[in-house]
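Thank you all for making time this morning. I would like to walk you through one structure, and I will begin with its charged pairs before turning to the strands and the core.

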Amino acid sequence: VQLQASGGGLVQPGESLKLSCLVSNISGIKIRAWYRQAPGSQREWVASIDAGGTTRYADSVKGRFTISRNVRLNTMYLQMNSLRPEDTAVYYCNTKNAWGDVWGQGTQVTVSS
């Protein structure tokens, strides 16, 4: 397994979750990213961080989510605050290098009261 995501769960609106993704045996990573897919919807990009540490966010999560990475631990993170029901989805970690994309298996996040 090259990307192993974890940290999903069931939370109430307004609460927080932190997703983690352990990255194994992937070299030359240019971009680390999180995507999500809600039931009946296409997979959408959520956030990304490039090799230099520059971060980008979808407008729907800007100011609430924070992407980060620990290169020494080969792990990437997505801190999600002020969660909303519309954030409910399966969240996937992703890496991009010169040879293409690698995807994790997904972790379910459910925001419901």
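Let us start with aspartate 87 and arginine 36, whose side chains meet in a salt bridge with 2.9 Å between N and O. Please keep in mind throughout that what you see is a predicted model. This pair links distant parts of the chain, since aspartate 87 sits in the loop between β8 (75-80) and β9 (89-97), while arginine 36 belongs to strand β4 (residues 31-37), 51 residues apart. Are these two residues buried or exposed? Both aspartate 87 and arginine 36 are buried.

As a reminder, side chains of opposite charge can pair when their charged atoms come close. A search of the whole structure turns up five salt bridges, and I would like to show you two others. In one of them, the side chains of lysine 62 and aspartate 59 come together at 3.1 Å, N to O. Here lysine 62 has a relative accessible area of 51%, and because the cut-off for exposed is over 50%, it counts as exposed. Aspartate 59 is likewise exposed, with a relative accessible area of 67%. In another, aspartate 101 pairs with lysine 96, and the closest N and O atoms are 2.7 Å apart; aspartate 101 itself counts as partly exposed, at 42% relative accessibility. Finally for this part, Arg36, Glu44, Arg64 and Asp87 are joined into one network by salt bridges that share partners.

Arginine 36 also leads us to the strands, for it stands opposite tyrosine 91 in β9. The two strands concerned, β4 and β9, pair in the antiparallel sense over seven bridges. On β11 (107-111), the bridge partner of tyrosine 91 is threonine 107, and β9 and β11 pair in the antiparallel sense over three bridges. A further partner of β9 is strand β10 (residues 100-103), again antiparallel, over four bridges, with asparagine 94 facing tryptophan 103 in β10 as its bridge partner. A hairpin of two residues joins β9 to β10. How many of the nine residues of β9 are buried? Seven of them are, and the strand is therefore mostly covered, given that buried means under 20% relative accessible area.

From β9 we can cross to another part of the fold by way of the disulfide, of which the structure holds one. Cysteine 21 and cysteine 93 form it, with their sulfur atoms 2.1 Å apart. Cysteine 21 lies in strand β3 and cysteine 93 in strand β9, so the pair ties together parts that are 72 residues apart in sequence. The torsion about the S-S bond is about 65°, so the disulfide is right-handed, and both of its cysteines are buried.

Cysteine 21 is, in addition, the bridge partner in β3 of alanine 5. The pairing of β1 with strand β3 (residues 17-23) is antiparallel and runs over four bridges. These strands belong to an open sheet of four, in the order β1-β3-β8-β7, with antiparallel pairing. Its edge strands are β1 and β7 (65-70), each of which pairs on one side only. Neighbouring strands of this sheet are turned by 15° against each other on average, direction ignored.

For a closer look at β1, which covers residues 3-6, consider leucine 3 within it. At 2% relative accessibility, leucine 3 counts as buried. Beyond its neighbours within four places in sequence, leucine 3 is in contact with residues including Cys21 and Cys93, the disulfide partners, as well as Asn94 and Trp103.

That brings me to the core, and to the general tendency, in soluble globular proteins, for nonpolar side chains to be buried together. The largest nonpolar core here has 28 residues, and the members that touch the most others are Trp34, Val46, Phe65, Leu78, Met80 and Tyr91. At least two residues of this core come from each of β1, β3, β5 (44-50), β7, β8, β9 and β11, and β3 gives the most, with four residues. As an example, leucine 78, leaving aside its neighbours within four places in sequence, is in contact with Leu17, Leu19, Trp34, Val46, Phe65 and Tyr91, among others. Tyrosine 91, then, is both a member of this core and the residue opposite arginine 36, where we began.

How values were computed:
Residues numbered from 1 in each chain as written. Predicted model: local features only at pLDDT ≥ 70, side-chain atom pairs only at ≥ 80, totals over all residues. Heavy atoms only, no water. Buried < 20%, exposed > 50% of the residue type's maximum accessible area, 1.4 Å probe, protein only. Contact = heavy atoms within 4.5 Å. Pairing = 2+ DSSP bridges. Axes fitted to C-alpha atoms, helices over the stretch in contact; angles between N-to-C directions. Salt bridge = Lys/Arg side-chain N within 4 Å of Asp/Glu carboxyl O. Disulfide = S-S within 2.5 Å. Core = buried A, V, L, I, M, F, W, Y, C linked by side-chain atoms within 4.5 Å.
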